[in-house]
2 protein chains.
Amino acid sequence: MEDKSLPEDPAQALDPTLGDRMGKIVRLTLADTVYRDLKELLLAGRAAPGERFTLRGLAAAIGTSAMPVREAVSRLAAENALEVLPNRAVRVPLMSRARFIELRLIRSSLEGLAAETAALNADASDLAEINRCERLFAAEREKPRPDGAAAMHFNKDLHFALYRAARMPILFGMIESLWLQIGPVLNLDFQAGPERVRGGEAHIHHAALVEALHRRDGPAVRQALLADIWHAGDFILSRGILPD
Amino acid sequence: MEDKSLPEDPAQALDPTLGDRMGKIVRLTLADTVYRDLKELLLAGRAAPGERFTLRGLAAAIGTSAMPVREAVSRLAAENALEVLPNRAVRVPLMSRARFIELRLIRSSLEGLAAETAALNADASDLAEINRCERLFAAEREKPRPDGAAAMHFNKDLHFALYRAARMPILFGMIESLWLQIGPVLNLDFQAGPERVRGGEAHIHHAALVEALHRRDGPAVRQALLADIWHAGDFILSRGILPD
DNA sequence: ATCTGTTATCTGTGATCACACATAGCAGAC
DNA sequence: GTCTGCTATGTGTGATCACAGATAACAGAT
């Protein structure tokens, strides 16, 4: 029987220090750029659910041909971040109550796992970054006129710093994909105005999370995160703006 | 303030029964076909980790131009089912031990959720289908010369019938994406020969799972599934064929 | 014989074009 | 005024081409 071992990565350079000494050239394609831009658009909640896109329109907006846009859009569609209708039209997916509730359940499972793992694997710099985001969010809330968009941004940074600390790259990508899907409705959330930030209890869960993280108490970190996810979801559901 | 409600789906046909009486025309593009074919290739484990593909090669094999292949490949790359190297070459991702272990953790979380939910939502036809798959797998194992590939197929059908019963479409898609990633190594698993099917304890976990499912005992279903996933993972890890 | 620099071929990327389908706008009939 | 059918425009899909970078084969030097 022939060798069953899996193929190895290609051989490295002769001088191993050489690669470290000069920054690698990252050639990124136009499709990558468009992909990243659209991703940012969705994550920041600057695209409303149901909004339609045309390939030529996007291409013109970015200043390229339709080709890179096609590739970027099909990638996003594969992640459920965009939707291609049977008519072949492409739009930001609608968010029904059922879909939102399912996403919240999946997020609890995956982000809970990431949070608990982060409690084990976070190093000093991870903790510092998480602390920084937590303080920024809390500070924004304390302001006389809190900026909803800014708070939402700090909230996202806090969550992703936590998930990054778990050092599970595949899991991180999957969570990012989930946030891509809820991005368009988070938009509606902070449009609710400053009282959302002021009145919410997110800062309480954040504080509990950070505290448990420093104690390296995985289950407690997970618990605090789940409370955060669940409460934010309840707020959106209670607003009654999701169809179905 | 303007209307905050989300856009609705387009209006339906005037005669609501008409749509039901004539099977809808599904126009599927070449890109969809290529996507489905490549997916099947990976899921069935007929592609080895590290194997390289060229767009033109795939296009010639299927009898189309490179264009639909490009779209299919970029979709699969977005799901981590394929990998584009910095050289822009596309290959089946390598499976390191770390990656395998991370995937097993994520699978436990997601498939555990699906299993527990299925216990609540499964209807009679779901149960029947799951029973059928379980019997087929057990029967294959009892044979004097069990067919590893066939057993693996029944195993997959059993798992997916269970996950489908949870009625969580997004979760189902994510699990499918995970299986797409482990498909290439499952191949190596059943290549281990009939003793893998015979000696394994998969049938025990399957039986426990089905039994718990009929009792609608969600936690028990999850527990049986986790045992199945964990044990199969241990077997592959113990073979020592995964690099890193 | 081994290594290095060159050249030829191949591969992915992106632009452009042709085609089929979908949609919207408009005119005519009732 | 409302409905039906046609027409014009727009859109996604897929093929083809040009180009830059990568890979591999090869020749010359040491």
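**Helix 5, the two-chain contact and the DNA surfaces**

User: Which residues of helix 5 of chain A are buried?

Analyst: This is a predicted model, in which local features need pLDDT of at least 70 and side-chain atom pairs count only at pLDDT 80 or more, while totals for chains, interfaces and linings use all residues. Residues are numbered from 1 along each chain as its sequence is written, and chains are lettered from A and ligands numbered from 1 in the order in which they are written. A residue counts as buried if 20 or more other C-beta atoms, placed from the backbone, lie within 10 Å of its own, as exposed if 12 or fewer do, and as partly exposed in between. In helix 5 of chain A the buried residues are Arg99(A), Leu103(A), Ile106(A), Arg107(A), Leu110(A), Glu111(A), Leu113(A), Ala114(A), Ala115(A), Thr117(A), Ala118(A) and Ala119(A).

User: How far apart are the end C-alpha atoms of helix 5 of chain A?

Analyst: Helices (H or I, at least four residues) and strands (E, at least two) are DSSP runs numbered from the N terminus. The expected span of a helix is 1.5 Å times one less than its number of residues. For the 25 residues of helix 5 (residues 97-121) of chain A this gives 36 Å, and that agrees with the end-to-end C-alpha distance of 35 Å.

User: How many helices and strands does chain A have?

Analyst: Read along the sequence, the pattern of chain A is α-α-β-α-α-β-β-α-α-α-α-α-α-α. Of its 244 residues, 36% count as buried. The elements of chain A are 11 helices and 3 strands.

User: What distance separates the centres of domain 1 and domain 2 of chain A?

Analyst: An automatic or database domain assignment supplies the bounds, and it divides chain A into domain 1 (19-91) and domain 2 (97-238). With contact meaning that two C-beta atoms, placed from the backbone, lie within 7 Å, 12 residues of domain 1 of chain A touch 9 residues of domain 2 of chain A. Taken over C-alpha atoms, the centres of the two domains are separated by 25 Å.

User: Which element of chain B gives the most to the side that touches chain A?

Analyst: The contact takes 32 residues from chain B and 31 residues from chain A. On the chain B side, two or more residues each come from helix 4, helix 5 (97-121) and helix 8 (169-190). The one that gives the most, with 8 residues, is helix 5 of chain B.

User: What is the class make-up of the side of chain B that touches chain A?

Analyst: Ala, Val, Leu, Ile, Met, Phe, Trp, Tyr, Cys and Pro count as nonpolar, Asp, Glu, Lys and Arg as charged, and the others, Gly among them, as polar. By these classes, that side of chain B has 18 nonpolar, 6 polar and 8 charged residues.

User: In chain B, which residue has the C-alpha nearest the axis?

Analyst: Chain B superposes on chain A (RMSD 0.0 Å) by a rotation of 180 degrees with 0.0 Å of shift along its axis, and that is the relation of a two-fold axis. The fit is by least squares on the C-alpha atoms of residues with pLDDT of at least 70 in both copies. At 2.3 Å from the axis, the nearest C-alpha in chain B belongs to Arg75(B).

User: Why do the copies meet through the same surface?

Analyst: The interface residues of the two chains can be compared. The copies meet through the same surface because the share of interface residues of chain B that are also interface residues in chain A is 97%.

User: Which residues come nearest to DNA strand C?

Analyst: A residue is near a strand if its C-beta atom, placed from the backbone, lies within 6 Å of it. Helix 2 (30-43) and helix 4 (66-78) of chain A, with helix 3 (55-62) and helix 4 (66-78) of chain B, give two or more residues to the surface near DNA strand C. That surface divides into 9 nonpolar, 6 polar and 3 charged residues. Of the 18 residues around the strand, the nearest are Thr29(A), Leu30(A), Ser65(A), Asn87(A) and Leu55(B).

User: Which residues are closest to DNA strand D?

Analyst: Two or more residues come from helix 3 (55-62) and helix 4 of chain A and from helix 2 (30-43) and helix 4 of chain B. The surface near DNA strand D has 10 nonpolar, 6 polar and 3 charged residues. Among the 19 residues that surround the strand, the closest are Leu55(A), Thr29(B), Leu30(B), Ser65(B) and Asn87(B).

User: Where is Arg167(A) placed?

Analyst: Arg167(A) is not a glycine, yet its phi is positive, about 55 degrees. Its 18 C-beta neighbours inside 10 Å make Arg167(A) partly exposed. Its place is in the loop between helix 7 (148-165) and helix 8 (169-190) of chain A.
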